[in-house]
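Hello,

Here is the structure I promised to pass on to you. My notes on what turned up in it follow just below.

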Amino acid sequence: MAMATAISSLTSSLSSLSFSSQISHKPIQSFSLPPPKPLSLKYAAPKFPALVVAAAAAAVVADQDVETADLKKLVKSRLPGGFAAQTIIGTGRRKCAIARVVLQEGSGKVIINYRDANEYLQGNPLWLQYVKTPLVTLGYESSYDVFVKAHGGGLAGQAQAISLGVARALLKVSASHRSPLKQEGLLTRDSRVVERKKAGLRKARKRPQFSKR
């Protein structure tokens, strides 16, 4: 009995020794705190991109107003008595657009509603081509200045109305211009317009879907 108790005490002491040796061999972990960040006293000025854009847009509008005023003075000085008092004048129509055109000898400027043609027609090459086609056909693209008053319809309709007005005004320069202009179809009034809506239909000809039952 005494022998058994001695063996058990010996094994317990050996186990405690092995556990303590395992603990002693483990490396001790060290904890280090990060250094504190320095306080920045710099003040970041707020940015206002909307105000910058608005100021730039206002400057562009102001420049356009000045340019329009200058062109209005130019037109009034070149056309004393207004459009109706001029001799080389033509009226063109297309869809709902009406254009009154005056030709004067010059360098090929085109002014529509007191604005440059390129700006008024938004730089669209097709619409600009409509306006200049009668002059190019006769070789007068650098010989006459074109002054236009246009209203109604959209820009495409106004451009085609101006083309007809320029062609009709060129007939007053010389009757011999009729043949080349007519061959190009520039003296023909395009009578196509949007067909009106009918009662009971969705549009001019579109019908509601038919259901038998």
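A term to begin with: buried means under 20% relative accessible area, exposed means over 50%, and partly exposed is in between (1.4 Å probe, protein chains only). Please keep in mind that this is a predicted model, where local features need pLDDT of at least 70 and side-chain atom pairs count only at pLDDT 80 or more, while totals for chains, interfaces and linings use all residues. Residues are numbered from 1 along each chain as its sequence is written, and side-chain values use heavy atoms, with hydrogens and water left out.

With that term in hand, Ser163 counts as buried because its relative accessibility is 9%. Ser163 is found in helix α5 (helices, H or I of at least four residues, and strands, E of at least two, are DSSP runs numbered from the N terminus). Leaving aside neighbours within four places in sequence, Ser163 is in contact (heavy atoms within 4.5 Å) with Tyr130, Pro134 and Leu186.

Now to the nonpolar cores. By nonpolar core I mean a set of buried Ala, Val, Leu, Ile, Met, Phe, Trp, Tyr and Cys residues joined through side-chain atoms within 4.5 Å. The largest one has 30 residues, and those with the most contacts inside it are Ile112, Leu121, Val146, Val148, Ile162 and Leu181. At least two residues of this core come from each of β2 (97–105), β3 (110–112), α3 (117–120), α4 (125–138), β5 (144–151) and α5 (155–173). The most is given by α5, with nine residues. Apart from this core lies another, of eight residues, including Val75, Leu79, Ile89 and Phe147. As background, nonpolar side chains tend to be buried together in soluble globular proteins.

Ile112 gives a closer view of the largest core. Not counting its neighbours within four places in sequence, Ile112 is in contact with Ala117, Tyr120, Leu121, Val148, Ala150 and Ile162.

What does the side chain of Asp145 reach at 2.9 Å? The partner is the backbone nitrogen of Ser107, and the backbone nitrogen of Gly108 also lies 2.9 Å from a polar atom of the Asp145 side chain. These are polar contacts (pairs of N or O atoms within 3.5 Å; within protein, one must be able to donate a hydrogen and the other to accept it, and residues adjacent in sequence count only if both atoms are side-chain atoms). Asp145 itself is in strand β5, and it is buried because its relative accessible area is 3%. Leaving out residues up to four places away in sequence, Asp145 touches Arg78, Val102, Leu103, Gln104, Glu105, Gly106, Ser107, Gly108 and Lys109.

Next, the salt bridges (a side-chain nitrogen of Lys or Arg within 4 Å of a carboxyl oxygen of Asp or Glu): the whole structure has six. One of them pairs Asp145 with Arg78, the closest N and O atoms being 3.2 Å apart. Asp145 lies in strand β5 and Arg78 in helix α2 (residues 49–78), so this pair ties together parts that are 67 residues apart in sequence. Arg78 is partly exposed, with a relative accessible area of 25%.

Another salt bridge links Arg115 and Glu119, with the closest N and O atoms 3.5 Å apart. Arg115 is partly exposed at 30%, and Glu119 is partly exposed at 26%.

Arg192 and Asp190 also meet through their side chains in a salt bridge (2.7 Å, N to O). Arg192 is exposed at 59% relative accessible area, whereas Asp190 counts as partly exposed at 22%. Through shared partners, salt bridges join Arg94, Asp190 and Arg192 into one network.

Best wishes
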